[in-house]
Amino acid sequence: MANDFIYAQPVKIFFGEGSFDRLDAVLDELKVRRAVLVCGRHFAAEASLLQKKIPQICAVFSDVEPNPQLSGAAEAAALARKHEADAVIGVGGGSAMDTAKFAAAIVPGDAPAEAYFRGEKPLPSQALTIVCVPTTAGTGSEVTQVSVISHGTEKRTMNHPSFMPKAAVVDPLLTLTVSPYTTMITGLDAMAHALEGCWSKNHQPITDLLAAEAVRLILENLSAAYRDGSDRSARAALSYASLLGGLSFAMPKTAGCHACSYPLSENWHLPHGEACAFTLDSFVRINADKRLEELCRRAGLSGTDELAERIRAFKQEAGLKTRLSDLGEVDIPALAKAAAVHPLMKNNPVPMDEAALREMFEALR
Ligand SMILES: [Zn+2]
């Protein structure tokens, strides 16, 4: 029997090849009248075509950069105010979706964006309607209430119900053009979401099941999509796995591996997925317990050792960084300290203090 738990999932999910072509119907269903579309520059041309096709899209903000800045979210919010929009659509990877979420949350407020970013002002009680459309298979941001925004060099992971999308449109066809490197690191990010949701202290039986299926699908399909980006069946499996990974950690939250990813990204500019992959197999070994063994069994593996080996093999296949010496000059005590104080470290099932993290990083020297 499962222990007591609470589970809720408020996002309406539209999944399938070609689902993005029906965005107008999704907007109709949500009774959206005027929406701002938020995306990166690579999507700017398609976004203006969409604006011509879909009457509800009243403006496009296509200036989202990787590691999105607060200034971008503030600009998108200003555009939404100017056009009296009632919705924001984020199309892209985590950066575009997180910018859309933050912008939608602050539009009804009257304080500067920085006051909400710093937590000096509470977010307005009602956000604009948020619709998320992932174009990579990794972040799971389309089904979480997390928004990761930077202001200068300060990067904040904010967690608030106002950031929760109303709808997610997950169309695997949008991921066909993702490069092999990004395919690998976003796939490993999705794997990290599933595993961390499972071993998080706040895990629960439903998210454990979702996590196991996400891991199984990633193990089966990640190399295929890495080698041949046009493999539609592998792409669809990874889009689904990324969605399941997002659902796996949306309530339990991530833990040690994501806590370590922040100093790794901030100091050595590792992209989020590669930074998570860097310690993922180490944490599989550290957090190995009965529940993780059960996940491995459900995912078709012999156990946690095989899972750690498979993660290592993915990293080697794509030539990802696996040792601290690959990063350059690393002050291990400082890195261990930064990871130890990250709030997500508290969710790790095995307590990881500075000394334990130093030992882990020493082994990755
Ligand atoms: Zn992540």
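**Entry 1: α9 and α10**

I began with the crossing of helices α9 and α10, which I noted as right-handed. I am working here from a predicted model. Helix α9 covers residues 256–268 and helix α10 covers residues 272–286, and I found that their axes come within 8 Å and cross at roughly 135 degrees. That angle is why I entered α9 and α10 as oblique to each other, since an angle has to be over 145 degrees to count as roughly antiparallel.

I then looked up which residues make this contact. From α9 I listed Gly-256, Cys-257, His-258, Cys-260, Ser-261, Leu-264 and Ser-265, and these meet His-272, Ala-275, Cys-276, Phe-278, Thr-279, Leu-280 and Phe-283 in α10. Sorted by character, the residues of the contact of α9 with α10 are eight nonpolar and six polar, with no charged ones.

**Entry 2: α7 and α11**

Next I turned to helix α7, residues 205–227, and helix α11, residues 290–298, whose axes come within 8 Å and cross at roughly 50 degrees. I therefore recorded α7 and α11 as oblique to each other, and I marked their crossing as right-handed.

Which residues of α7 meet α11? I wrote down Asp-208, Ala-211, Ala-212 and Val-215 on the α7 side, facing Arg-291, Leu-295 and Arg-298 in α11. The residues of this contact of α7 with α11 divide into four nonpolar and three charged, with no polar ones.

**Entry 3: looking back**

Reading my notes again, I see a right-handed crossing for α9 and α10 and a right-handed crossing for α7 and α11. The contact of α9 with α10 holds no charged residues, whereas the contact of α7 with α11 holds three.

Methods
Residues numbered from 1 in each chain as written. Predicted model: local features only at pLDDT ≥ 70, side-chain atom pairs only at ≥ 80, totals over all residues. Axes fitted to C-alpha atoms, helices over the stretch in contact; angles between N-to-C directions. Helix = DSSP H or I, 4+ residues; strand = E, 2+ residues; numbered from the N terminus. Parallel < 35°, antiparallel > 145°, perpendicular 65-115°, else oblique. Left-handed = near helix turned anticlockwise from the far one by under 90°. Contact = placed C-beta atoms within 7 Å. Nonpolar A, V, L, I, M, F, W, Y, C, P; charged D, E, K, R; others polar.
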